[in-house]
Amino acid sequence: MIELLFLLLPVAAGYGWIMGRNSERSRHRHSHNPSSRSSSYLVSDEYIHEYLKSLKGKATDLDFFCRQLVDTATSLVRQGKVDTAVALVEQAIKDEKISSPDVLCFLAKQYTAMGLLARAENTLLPLLKRSKSRAHAIGPLLRVYQSLKTWTNSLSLFQEHSDDFRSDDLHIVSHHICEYANHEETSAQKSSLLDIALGAAPNNVRAMLEKAQCEIELGHLNIAQELLSAARRTSGLYRILELEKALYHQLNEPDDYLSILIQFTLDKPNLSAILFMLDNYHEQLNIEHIEDILQSCQQASIEKEARQLILRWYIITHFEESHFLRQMVQHDLEKHSAYRCQNCGFSTPSFSWNCPSCNQWDTLHLKLI
Ligand SMILES: [Zn+2]
């Protein structure tokens, strides 16, 4: 038995040597011209070095080099080879001392997606020092701060570099400041932060509403009234109506409120506002009001089901004091309505300003499902 083993050993060693030589050859063959190969061959450190060397040979200037680098890395990410893409870009940055915002932002975006948030932040912060690259870094940095929920950082970023914010970033930072304001204790503190949020994005309905709420609490009813009527001009959110209800209750002017409510539903017919009105004010509504509302729903092409719900609700509240029917309609409403994200389609029964699925702001809208 032992003799047999000794006999087989040289055979196995010889086989190993031949296989090793073959793979060496094939590696040599493949590495002959790395730039002509597809990026899917980039799997080891050695290939990364070769690829970068050949890219440098072809590149007429650093801009060209960076563009090609980001293109290759992007296609690697699309193939699911995120680790390789990151290793490639990291190596290029190290070798060539790259400070191009496109390359650094690409890398930071990958770090953020991988949850390496401190690394993403450290990659982006140097870009803030140069005025030319600052605007590039702001959006990705805000995404990092949003994941970390470090709203104070977003606020400082805005206060230091507000001139370099793009309009999308202004909208996002305005929400971040609202989140920050929610953690403050007093209405006065909240209100002054919300002023900054409104300074960043004057059309941010959330900032208007949250500030109006503070002002109602502080007894500044005129300021709240102005904010809410501005919000009403911008948006059809039923939360405006809720706050106006609280405001007009304090002002003791219920009739004014009802006419605002009806006008609101006619101007900006939408499901949540209509349901709010039916729920809270069905006793004051007459058949003319309902006809007007149905007509504006039709013009705004609100779903057929919504119009049916309005009619059924009206019939139940006015002609049939049946507890059972009322429960049925309520059940239908709960079952059929949900907040759906206009960006990613995510559905949730409860409202939030930020979509839990895609992290976009202001994208959840009430829908019948
Ligand atoms: Zn979404």
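Helix H13 packs its buried residues against four helices: H11 (205–218), H12 (221–234), H14 (254–267) and H15 (271–281). The buried residues in question are Tyr238, Ile240, Leu241, Leu243, Glu244, Leu247 and Tyr248. An α-helix has 3.6 residues a turn, so residues three or four places apart point the same way. Keep that in mind when reading the list against the model, which is predicted. H13 covers residues 238–251, 14 residues in total. Its first and last C-alpha atoms are 20 Å apart, close to the 20 Å expected at 1.5 Å a residue.

What follows H13? The next residue to look at is Asn252, whose phi is positive, near 60 degrees. Asn252 sits in the loop between H13 and H14. Most residues other than glycine have a negative phi. Asn252 is not a glycine, yet its phi is positive. Is Asn252 buried or exposed? Asn252 counts as exposed, because it has 7 C-beta neighbours inside 10 Å, and the cut-off for exposed is 12 or fewer.

Now step back to helix H7, residues 131–148. Its 18 residues should span 26 Å at 1.5 Å a residue. The end C-alpha atoms are 25 Å apart, which agrees. H7 still has a bend. Where does H7 bend? The bend is at Ala137, by about 40 degrees, and a proline, Pro140, follows within four residues. Both Ala137 and Pro140 are among the buried residues of H7. The others are His136, Ile138, Leu141, Leu142, Val144, Tyr145 and Gln146. The cover over these buried residues includes H5, helix H6 (117–128), helix H8 (151–161) and helix H9 (167–182).

Just after H7 comes Lys149, with a positive phi of about 55 degrees. Lys149 is not a glycine either. It lies in the loop between H7 and H8. Lys149 is exposed, because 12 other C-beta atoms lie within 10 Å, and 12 or fewer is the cut-off.

H9 was named as part of the cover on H7. One residue of H9 to follow is Asp169. Is Asp169 buried or exposed? Asp169 is buried, because 23 other C-beta atoms lie within 10 Å, and the cut-off is 20 or more. Leaving aside neighbours within four places in sequence, Asp169 is in contact with Ile138, Gly139 and Leu142. Ile138 and Leu142 are among the buried residues of H7. Asp169 and Ala135 are 34 residues apart along the chain, and their C-alpha atoms are separated by 9.5 Å.

Another aspartate, Asp71, lies in helix H3 (residues 62–78). Asp71 counts as exposed, because it has 11 C-beta neighbours inside 10 Å. Its C-alpha atom is 10.0 Å from that of Val103, 32 residues away along the chain.

Val103 also leads to the core. Leaving aside neighbours within four places in sequence, Val89 is in contact with Val103, and also with Leu69, Ala73, Phe106 and Leu107. Val89 is one of the residues with the most contacts inside the largest nonpolar core; Ile177 and Ala197 are the others. That core has 79 residues. Which helix gives the largest share of this core? Helix H5 (residues 101–114) does, with seven residues.

Strands also appear in this chain. The secondary structure comes to 18 helices and three strands. Strand S1 (residues 337–341) and strand S2 (residues 347–348) run antiparallel, joined by two bridges. Tyr339 stands opposite Thr348 in S2. S1 and S2 form a hairpin with five residues between them. In the turn, Gly345 has a positive phi of about 85 degrees.

Finally, consider the chain as a whole. It has 369 residues, of which 31% count as buried. Among contacts between residues at least 6 apart in sequence, 48% join residues at least 24 apart. How confident is the predictor, and what is the mean pLDDT of the chain? The mean is 83, and 83% of the residues reach 70 or more. Over residues 16–38, pLDDT stays under 50. For that stretch the model has 10 contacts beyond four places in sequence.

Methods: Residues are numbered from 1 along each chain as its sequence is written. This is a predicted model: local features need pLDDT of at least 70, side-chain atom pairs count only at pLDDT 80 or more; totals for chains, interfaces and linings use all residues. A nonpolar core is a set of buried Ala, Val, Leu, Ile, Met, Phe, Trp, Tyr and Cys residues joined through C-beta atoms within 7 Å. Two residues are in contact if their C-beta atoms, placed from the backbone, lie within 7 Å. pLDDT is the predictor's confidence in each residue, from 0 to 100. The expected span of a helix is 1.5 Å times one less than its number of residues. The bend at a residue is the angle between axes fitted to the seven residues ending there and the seven starting there. Two strands pair if DSSP finds at least two bridges between them.
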